[in-house]
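Work through the exercises below with the structure in view, and try each task before reading its solution.

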Amino acid sequence: MSKKISIKNMVKEHHNALVDYYTCDGVEPDERKYFESLEKGDIILDLCCGTGRIAIALAKNGFLVRGIDLANKAIKFAQEKAECYKGIVDFIIGDATKIPFKDKVFDRVICTGASLDTLASSSERLQSILEMARVLKDDGTFFIQTNYFLPLKKLIWRTAGFVIKLPVRALKSLLGKDCTGLYFGDSFCGIHFKIKVAGFSHTLSKRELNRYMESAKLEYKLEYKIETDKEYMGDKSFKAKFSRRLITVGHKNR
Ligand SMILES: C[S@@+](CC[C@H](N)C(=O)[O-])C[C@H]1O[C@@H](n2cnc3c(N)ncnc32)[C@H](O)[C@@H]1O
């Protein structure tokens with residue numbers, strides 16, 4: 001059997017490994033602001049929900065939420081954490097590129113915590129946006145939060161991630177037949193002393209987001225947010241000085 005792994009599998013195992021070591025509960029200020037626009041009775045899909053950080057916060061506020069994620073351990077963790085919200089919030093293992101729900105069932109779709117950045121390739125990112133549009137009701141809205149860097153840092157990150165950060169060994173093992181290509185902006189984080197599986201993330205450009213939104217015929221607007229470390233996911237132990245987010249909010253082109 002081939003030892004080569006796909007980026008998607010790597011992302012899944014990385015996030016499974018993270019569960020034992022780092023989960024967070026806080027809600028970021030821009031997320032909170034979007035939540036204020038939610039209406040009673042809204043049915044919400046938390047796409048790439050991880051350990052249920054947002055889904056559970058929404059369930060606590062009485063919203064019906066479905067969370068899907070590739071990482072089975074993250075889903076199990078979320079299910080256990082949400083035990084007392086059974087029926088209000090449900091978590092299932094699922095792929096954002098093939099959302100296991102019928103057309104037009106959700107009032108809102110959210111994709112937080114830079115989850116879109118962890119989708120394995122450009123075609124997967126586009127496919128997940130098309131899927132998001134498919135499951136949204138005609139009057140539904142969406143909220144996507146991606147990482148954003150200032151131009152110079154972005155250039156360095158996108159280039160260095162692509163050229164330098166990719167260890168030769170990882171490159172060799174990643175170029176399996178499942179690995180459809182390595183794109184500009186892709187980066188691989190190293191293997192942490194506790195997390196034995198490398199992580200993957202793609203720094204999205206605005207142009208790229210525009211392309212996905214237009215292909216999915218979504219009306220949208222982009223805005224930046226800068227958060228201080230104190231606010232970052234409510235986790236004060238997080239080392240970053242601040243994190244920049246690019247927020248994409250919008251609705252179907254009716
Ligand atoms: C950075 S975590 C964010 C988790 C959560 N949204 C939050 O804000 O706390 C990214 C999540 O995306 C998930 N993910 C990546 N690719 C996916 C895919 N194709 N389908 C479903 N989930 C995926 C990962 O397993 C991981 O749990």
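**Exercise 1: the shell around the ligand**

Task: Describe by class the residues in the shell around the ligand, and then find which residues come nearest and which elements contribute.

Solution: Keep in mind from the start that this is a predicted model. Begin with the classes, where the shell around the ligand divides into 10 nonpolar, 7 polar and 4 charged residues. Next look for the residues that come nearest, which, of the 21 around the ligand, are His 15, Cys 48, Gly 50, Ala 96 and Gly 113. Then turn to the elements, where helix H1 (7-19) and helix H3 (53-60) are those that give two or more residues to the shell. The largest share, 3 residues, comes from H1.

**Exercise 2: the packing of two helices**

Task: Determine how H1 and helix H4 (residues 72-81) are oriented to each other, and name the residues that make their contact.

Solution: First take the geometry, in which the two helices pack at an angle of about 40 degrees while their axes lie 7 Å apart. Angles under 35 degrees would count as roughly parallel and those from 65 to 115 as roughly perpendicular, and H1 and H4 are therefore oblique to each other. On the side of H1 the contact is made by His 15, Asn 16 and Val 19, and on the side of H4 by Asn 72, Lys 73, Ala 74 and Phe 77. Sorted by class, this contact of H1 with H4 holds 3 nonpolar, 3 polar and 1 charged residues.

**Exercise 3: the whole chain**

Task: State how many helices and strands the chain has, and what percentage of its residues is buried.

Solution: Counting the secondary structure gives 8 helices and 9 strands, and of the 254 residues in the chain, 40% are buried.

Technical notes
Residues are numbered from 1 along each chain as its sequence is written. This is a predicted model: local features need pLDDT of at least 70, side-chain atom pairs count only at pLDDT 80 or more; totals for chains, interfaces and linings use all residues. Helices (H or I, at least four residues) and strands (E, at least two) are DSSP runs, numbered from the N terminus. A residue is buried if 20 or more other C-beta atoms lie within 10 Å of its own, exposed if 12 or fewer, and partly exposed in between; C-beta atoms are placed from the backbone. A residue is near a molecule or strand if its C-beta atom, placed from the backbone, lies within 6 Å of it. Ala, Val, Leu, Ile, Met, Phe, Trp, Tyr, Cys and Pro count as nonpolar, Asp, Glu, Lys and Arg as charged, and the others, Gly among them, as polar. Axes are lines fitted to C-alpha atoms, for helices over the stretch in contact, and angles run from 0 to 180 degrees between N-to-C directions. Angles under 35 degrees count as roughly parallel, over 145 as roughly antiparallel, 65 to 115 as roughly perpendicular and the rest as oblique. Two residues are in contact if their C-beta atoms, placed from the backbone, lie within 7 Å.
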